[in-house]
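Please look over the sequence and the model below before reading on, and keep both at hand while following the text.

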Amino acid sequence: MSVQDTARRLQRKLKNSDEYQNYLELRKKVMAKEGSKKMLRDYQNLMMEMQTKKMSGEELSEEDKEKLQNLQNFIEINNNVKKYLEAEYSLSKMINDIQKIIFSDIEVGIPEQELQDDTVQDDTEESN
């Protein structure tokens with residue numbers, strides 16, 4: 001069996017997993033209600049905006065923190081959105097765990113340390 005065939009089997013297993021089926025069901029519920037869909041979109045946009053600020057080294061303002069807290073409070077009340085976000089997290093965690101397993105013993109490229117060792121050796125050879 002080829003690696004691609006094994007990957008396709010894994011993909012089918014993921015699609016049939018309880019985690020993915022639960023995620024799809026909850027996504028359908030959220031998308032069916034305009035208010036829930038808007039709340040989720042607002043939350044995702046706010047999270048992306050805040051991550052961008054953090055990545056650029058910008059501090060989050062008190063206003064940003066308050067916006068996020070208010071939105072999280074509304075999500076806590078909206079059971080469908082709350083469960084959807086939990087299911088999305090669970091599915092993402094499972095996929096990340098699988099990725100870690102797949103790549104745990106695979107080496108691609110030249111390790112940084114070996115590149116640095118070669119540079120030091122080249123410098124030594126040039127000075128002789």
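The paragraphs that follow go from the nonpolar core to its aromatic residues, then to the largest pocket, and finally to single residues that are buried or exposed.

The model shown here is a predicted one, and a natural place to begin is its interior. In soluble globular proteins, nonpolar side chains tend to be buried together. In this model the largest nonpolar core has 19 residues, and those with the most contacts inside it are Leu40, Tyr43, Leu71, Ile75, Val81, Tyr84 and Leu85. The elements that contribute two or more residues to this core are helix H2, spanning 18-32, together with H3, helix H4, spanning 62-77, and H5. Of these elements, H5 gives the most to the core, with seven residues.

Two of the core residues named above can be followed further through their contacts. Once neighbours within four places in sequence are left aside, Tyr84 is in contact with Tyr23, Leu26, Arg27, Val30 and Leu40. Tyr84 also takes part in an aromatic arrangement, since ring pairs link Tyr20, Tyr23 and Tyr84 into a cluster, and the structure as a whole holds two aromatic pairs. The other residue to follow is Leu85, which has its place in helix H5. Leu85 counts as buried because its relative accessibility is 17%, and the cut-off for that class is under 20%. With neighbours within four places in sequence again left aside, Leu85 is in contact with Leu40, Tyr43 and Ile75. The C-alpha atoms of Leu85 and Tyr23 are separated by 8.8 Å, although the two residues are 62 residues apart along the chain.

Leu85 also leads to the largest pocket, whose lining consists of Tyr43, Gln44, Met47, Met48, Gln51, Leu85 and Glu88. The elements that give two or more residues to this lining are helix H3, spanning 34-55, and helix H5, spanning 79-103. H3 supplies the largest share of the lining, namely five residues. Sorted by class, the lining has four nonpolar, two polar and one charged residues, and the volume of this largest pocket is about 150 Å³.

Is Ser36, a residue of the helix that supplies most to that lining, buried or exposed? Ser36 lies in helix H3, and it is classed as buried because its relative accessible area is 5%, which falls under the 20% limit. Not counting residues up to four places away in sequence, Ser36 touches Val30, Asn78 and Val81; of these, Val81 is among the residues with the most contacts inside the largest nonpolar core.

Two further residues show the opposite class of accessibility. Tyr89 has its place in helix H5, the helix that also holds the buried Leu85. Tyr89 is exposed, because its relative accessible area is 57% and the class begins over 50%. The C-alpha atoms of Tyr89 and Lys38, which are 51 residues apart along the chain, are separated by 19 Å. Ile110, for its part, is found in the loop between H5 and helix H6, the latter spanning 112-127. At 54% relative accessibility Ile110 counts as exposed, and from C-alpha to C-alpha it is 33 Å from Lys53, with their positions 57 residues apart in sequence counted as the separation.

Notes
Residues are numbered from 1 along each chain as its sequence is written. This is a predicted model: local features need pLDDT of at least 70, side-chain atom pairs count only at pLDDT 80 or more; totals for chains, interfaces and linings use all residues. Side-chain values use heavy atoms; hydrogens and water are left out. On a 1 Å grid over the protein atoms alone, a cavity is a set of points where a 1.4 Å probe fits but cannot get out, and a pocket is an open set with protein on both sides within 12 Å along at least five of seven lines; lining residues have an atom within 4 Å of a point. Grid points are joined across faces, edges and corners, and a volume is the space filled by probe spheres set on the points. Helices (H or I, at least four residues) and strands (E, at least two) are DSSP runs, numbered from the N terminus. Ala, Val, Leu, Ile, Met, Phe, Trp, Tyr, Cys and Pro count as nonpolar, Asp, Glu, Lys and Arg as charged, and the others, Gly among them, as polar. A nonpolar core is a set of buried Ala, Val, Leu, Ile, Met, Phe, Trp, Tyr and Cys residues joined through side-chain atoms within 4.5 Å. Buried means under 20% relative accessible area, exposed over 50%, partly exposed in between (1.4 Å probe, protein chains only). Contact means heavy atoms within 4.5 Å. Rings of Phe, Tyr and Trp (its six-membered ring) pair if their centres lie within 6.5 Å; planes under 30 degrees apart count as stacked, over 60 as edge-to-face and the rest as tilted.
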